[in-house]
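Colleague: Could you walk me through this one slowly? I would like to start with the inside and then look at the odd spots.

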Amino acid sequence: MNRPKRMLVENIAWARETTLADAQFFRRLSLGQSPKVLWIGCADSRVPAETITNSSPGDLFVHRNIANRFSPTDDNTMSVLEYSVRVLKVDHVIVCGHYGCGGVRASLSPLSNDLPHVNRHIAPLCALAGRHRDELDKSPGLDARADRLAELNVLEQVRLLRQSAIVRDREPSPLVHGWIFSLHDGLIKVLAPGYDAQHVDRTNDVQVELLQTSSCC
Ligand SMILES: [Zn+2]
């Protein structure tokens, strides 16, 4: 069976299983959406937003592109932000990068003539790497440099989002969070908390509790 056909068969199975587990699930979905979170993540196939956060259809409004960039000059990105903040009224905007990101790594390597669109898309990453050259040069090897740049990239997108008029002008403004996902253990690290210090402490407590619970099992 080819891959698309396999996916269609799996879709039928999923729809049946979902209905069996919750007979009202699709009726609720059809009534509309009210997600609380806008997720801006990498297009990488290994970082599916719903899967890694155990979310369901309807939970997340999702925008993904190579290297989870927020570009104020891109109508694709901006329309997603505008609609989710002004119409859906999401409370949280989460930028989630990941270690081992090919797009970030490409920005540290010679650009390919075969990928003009990718080159333009990652040009701001190349510039970001240039601004942090001294720090990045201290990292041992390309993988470590790319992983540090992936973190800096998340922080940069958080900064740009918090500066954007769409986020600033909403009352109250949605909280902007910066996260990074590890392909090695499946865990997310918080780089930029959206909450104030009091809430951050509690968030960290919950994470520690969760880790302790999972390590017991
Ligand atoms: Zn990536």
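Modeller: What follows goes through the core, two helices that meet, one helix with two faces, and some unusual backbone angles. Please keep in mind that this is a predicted model.

Colleague: Fine, so which residues touch the most other members of the largest nonpolar core?

Modeller: That core has 35 residues, and L38, W39, I94 and V95 are the ones that touch the most other members. Several elements supply at least two residues each, including the strands β1 (37-42), β2 (60-65), β3 (92-98) and β4 (175-181), and among the helices α4 (75-87) and α6 (116-131).

Colleague: And which helix gives the most to this core?

Modeller: That is α8, which gives seven residues.

Colleague: Let me pick one of those core residues, then: what does L38 touch, leaving out residues up to four places away in sequence?

Modeller: With those set aside, L38 touches F61, L81, S84, V90 and V93.

Colleague: Back to α8 for a moment. At what angle do α6 and α8 pack?

Modeller: They pack at about 110 degrees, and their axes are 10 Å apart. Angles from 65 to 115 degrees count as roughly perpendicular, and therefore α6 and α8 are described as roughly perpendicular to each other.

Colleague: Which residues meet there?

Modeller: From α6 there are L125, L128 and A129, and they meet L149, L152, N153 and E156 of α8. Sorted by class, this contact of α6 with α8 has five nonpolar residues, one polar and one charged.

Colleague: Changing topic, which residues of α4 are buried?

Modeller: The buried residues of α4 are L81, S84 and V85. Looking down the axis of α4, you would find these buried residues within an arc of 90 degrees, so they line one face of the helix.

Colleague: Why would residues that are spaced out in sequence share a face?

Modeller: An α-helix has 3.6 residues a turn, so residues three or four places apart point the same way.

Colleague: What do the buried residues of α4 pack against, and what is on the face turned away?

Modeller: The buried residues pack against β1, β2 and α9 (165-169), while the face of α4 turned away from the buried side carries the exposed residues D75, N76, S79, R86 and V87.

Colleague: Now the odd spots. Which residue just after α4 takes a positive phi?

Modeller: That is K89, in the loop between α4 and β3, and its phi is about 60 degrees although K89 is not a glycine. For comparison, most residues other than glycine have a negative phi, and most peptide bonds are trans.

Colleague: Is K89 buried or exposed?

Modeller: K89 counts as exposed, because there are 12 C-beta neighbours inside 10 Å, and a residue with 12 or fewer is classed that way. A67 also has a positive phi, of about 70 degrees, and is not a glycine either. A67 lies in the loop between β2 and α4, but it counts as buried because it has 27 C-beta neighbours inside 10 Å.

Colleague: And where is the cis peptide bond?

Modeller: The bond from E171 to P172 is cis, with omega near -5 degrees, and P172 sits in the loop between α9 and β4.

Colleague: One last residue: what is A49 in contact with, apart from neighbours within four places in sequence?

Modeller: A49, which is found in helix α3 (residues 49-52), is in contact with W39, G41, S55, L60 and V62. A49 and L60 are eleven residues apart along the chain, and their C-alpha atoms are separated by 8.0 Å.

Conventions: Residues are numbered from 1 along each chain as its sequence is written. This is a predicted model: local features need pLDDT of at least 70, side-chain atom pairs count only at pLDDT 80 or more; totals for chains, interfaces and linings use all residues. A nonpolar core is a set of buried Ala, Val, Leu, Ile, Met, Phe, Trp, Tyr and Cys residues joined through C-beta atoms within 7 Å. A residue is buried if 20 or more other C-beta atoms lie within 10 Å of its own, exposed if 12 or fewer, and partly exposed in between; C-beta atoms are placed from the backbone. Helices (H or I, at least four residues) and strands (E, at least two) are DSSP runs, numbered from the N terminus. Two residues are in contact if their C-beta atoms, placed from the backbone, lie within 7 Å. Axes are lines fitted to C-alpha atoms, for helices over the stretch in contact, and angles run from 0 to 180 degrees between N-to-C directions. Angles under 35 degrees count as roughly parallel, over 145 as roughly antiparallel, 65 to 115 as roughly perpendicular and the rest as oblique. Ala, Val, Leu, Ile, Met, Phe, Trp, Tyr, Cys and Pro count as nonpolar, Asp, Glu, Lys and Arg as charged, and the others, Gly among them, as polar. The arc is that of the directions from the helix axis to the C-beta atoms.
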